[in-house]
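Work through the exercises below with the model open. Try each task before reading its solution.

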Amino acid sequence: MDIGTIGGIALGMVMILGSMFFSGAAFGLYIDPGSLLLVFGGSFGAVLAGTPLSKMLKVVTYVRIACTIINYEKEKLISTLVSFSEQARREGLLALEDSLDELEDKFLAKGLRLVVDGTDPTLIKSILFNELNQIETRHASVAKIFGDWEKAAPAFGMLGTVQGLIAMMANLNDQSSVGRGMALCLITTFYGAIFSYLIFSPLKAKLEDKHIDEMMVKELMVEGILSIQSGDNPRMVEEKLLAFLSPVERESIKAASASGE
């Protein structure tokens, strides 16, 4: 579980609640079920209207993905690709076939199977990058849901404010209700800002970050697959793949290799 995502949203809520407490105003002034229904329900309806139902039914799954830490084990992946490179140089590409069933990542297994089958390198690259493009399209459509929701929530907050002002203006004769009516008008804007900037915007950002991480790992796989196909020296394969890692991660792998030797 990604503590940063959950903790950040929780911290933001605590700060908001704390500011309410120290403002001295009655806490009940900030609670209005009708405003909450308008902002959340209205913005959800707007997003639903512009998004395929099949995707909206998976919103909870997308939230769970955004709040989950995915460990791609890049060091282990590089070690596996270098090992395959050594085996291919020593025994030939066909020797890799027995090891492919053990791979958990279907993308990596697919690419290496194309290599074992003797597919042209240009075609392999085309097939794999076409799949990456499809992954990018799917991920973008998911992030768009929360991007649209991020925009819709404040809009419905303003809609609620206008709605409240209309009702208040219709009852100007009752001066005692003007102040409370104005406060209720602003609550929808308040809710819209919270949903937009504290919930939907961070979820969208997290999904985009996870997309970047996954695409980097997939591109690392493509580089390794093509290097194995071309018969590159295993040490050169390792250097190519290490370029995808941060300097700290590279040093960690090199230190582990040195200690292993």
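**Exercise 1. A salt bridge beside a loop**

Task: Classify Arg113 by its relative accessible area, then do likewise for its partner Asp101. Then place the pair in the chain.

Solution.
- Step 1. The model is predicted. Arg113 has a relative accessible area of 32%. Partly exposed covers values between 20% and 50%, so Arg113 is partly exposed.
- Step 2. For Asp101 the value is 67%. Exposed begins over 50%, so Asp101 is exposed.
- Step 3. The two side chains form a salt bridge, with N to O at 3.4 Å. The cut-off is 4 Å, so the contact qualifies.
- Step 4. Arg113 belongs to helix α7, while Asp101 sits in the loop between α6 (97-100) and α7. The two are 12 residues apart in sequence, so the bridge ties these parts together.
- Step 5. The structure holds 8 salt bridges. The pair of Arg113 and Asp101 is one of the salt bridges.

**Exercise 2. A network around a lysine**

Task: Which residues are linked with Lys218 in a network of salt bridges? Sort the members into buried and partly exposed.

Solution.
- Step 1. Begin with Asp105. Its salt bridge to Lys218 has its closest N and O atoms 3.8 Å apart.
- Step 2. Locate both ends. Asp105 is in the loop between α6 and α7, and Lys218 is in helix α9. With the two positions 113 residues apart, the pair links distant parts of the chain.
- Step 3. Turn to Glu214. It also forms a salt bridge with Lys218, at 3.6 Å between the closest N and O atoms. Both residues lie in helix α9, 4 residues apart, about one turn of the helix.
- Step 4. Join the pairs. Asp105, Glu214 and Lys218 make up a network of salt bridges.
- Step 5. Sort by accessibility. Buried means under 20%. Lys218, at 9%, is therefore buried. Glu214, at 18%, is buried too. Asp105, at 25%, is partly exposed.

**Exercise 3. The nonpolar core**

Task: Which residues touch the most other members of the largest nonpolar core? Which element gives the largest share?

Solution.
- Step 1. This core has 34 residues. Ile78, Leu108 and Leu112 touch the most other members.
- Step 2. List the elements that give two or more residues: α5 (74-91), α7, α8, α9 (178-229) and α10 (234-242).
- Step 3. The largest share comes from α9, with 9 residues.
- Step 4. Set this against a general trend. In soluble globular proteins, nonpolar side chains tend to be buried together.

**Exercise 4. Two surface patches**

Task: Which residues form the negative surface patch, and which make the nonpolar one? Check the exposure of one member of each.

Solution.
- Step 1. The negative patch consists of Glu97, Asp98, Glu102 and Asp117.
- Step 2. Asp117 is in the loop between α7 (106-116) and α8. Its relative accessible area is 55%, so it is exposed.
- Step 3. The nonpolar patch is made by Met13, Leu17, Phe27 and Ile31. It covers about 350 Å².
- Step 4. Met13 is in helix α1 (residues 3-23). At 32% it is partly exposed. A patch member needs over 30%, so Met13 meets that limit.

**Exercise 5. Far in sequence, and a backbone angle**

Task: How many Å separate the C-alpha atoms of Phe40 and Gly157, and those of Lys125 and Glu223? Then examine phi of Glu73.

Solution.
- Step 1. Phe40 and Gly157 are 117 residues apart in sequence, yet their C-alpha atoms are 9.1 Å apart. Phe40 lies in helix α2 (residues 33-49) and is partly exposed at 36%.
- Step 2. Lys125 and Glu223 are 98 residues apart along the chain, with 9.2 Å between C-alpha atoms. Lys125 is part of helix α8 (residues 121-169). Its relative accessible area of 44% makes it partly exposed.
- Step 3. Glu73 has phi near 50°, a positive value in a residue other than glycine. Glu73 is in the loop between α4 (59-66) and α5. At 39%, Glu73 is partly exposed.

Conventions: Residues are numbered from 1 along each chain as its sequence is written. This is a predicted model: local features need pLDDT of at least 70, side-chain atom pairs count only at pLDDT 80 or more; totals for chains, interfaces and linings use all residues. Side-chain values use heavy atoms; hydrogens and water are left out. Buried means under 20% relative accessible area, exposed over 50%, partly exposed in between (1.4 Å probe, protein chains only). Patches are made of residues with over 30% relative accessible area and no salt bridge: like charges are joined within 9 Å, nonpolar side chains (Val, Leu, Ile, Met, Phe, Trp, Tyr) within 5 Å. Accessible areas come from the Shrake-Rupley method with a 1.4 Å probe; for residues, only the protein chains shown count as cover. Lys and Arg count as positive and Asp and Glu as negative; His and the chain ends are not counted. The place of a charge is taken as NZ of Lys, CZ of Arg, CG of Asp or CD of Glu. A nonpolar core is a set of buried Ala, Val, Leu, Ile, Met, Phe, Trp, Tyr and Cys residues joined through side-chain atoms within 4.5 Å.
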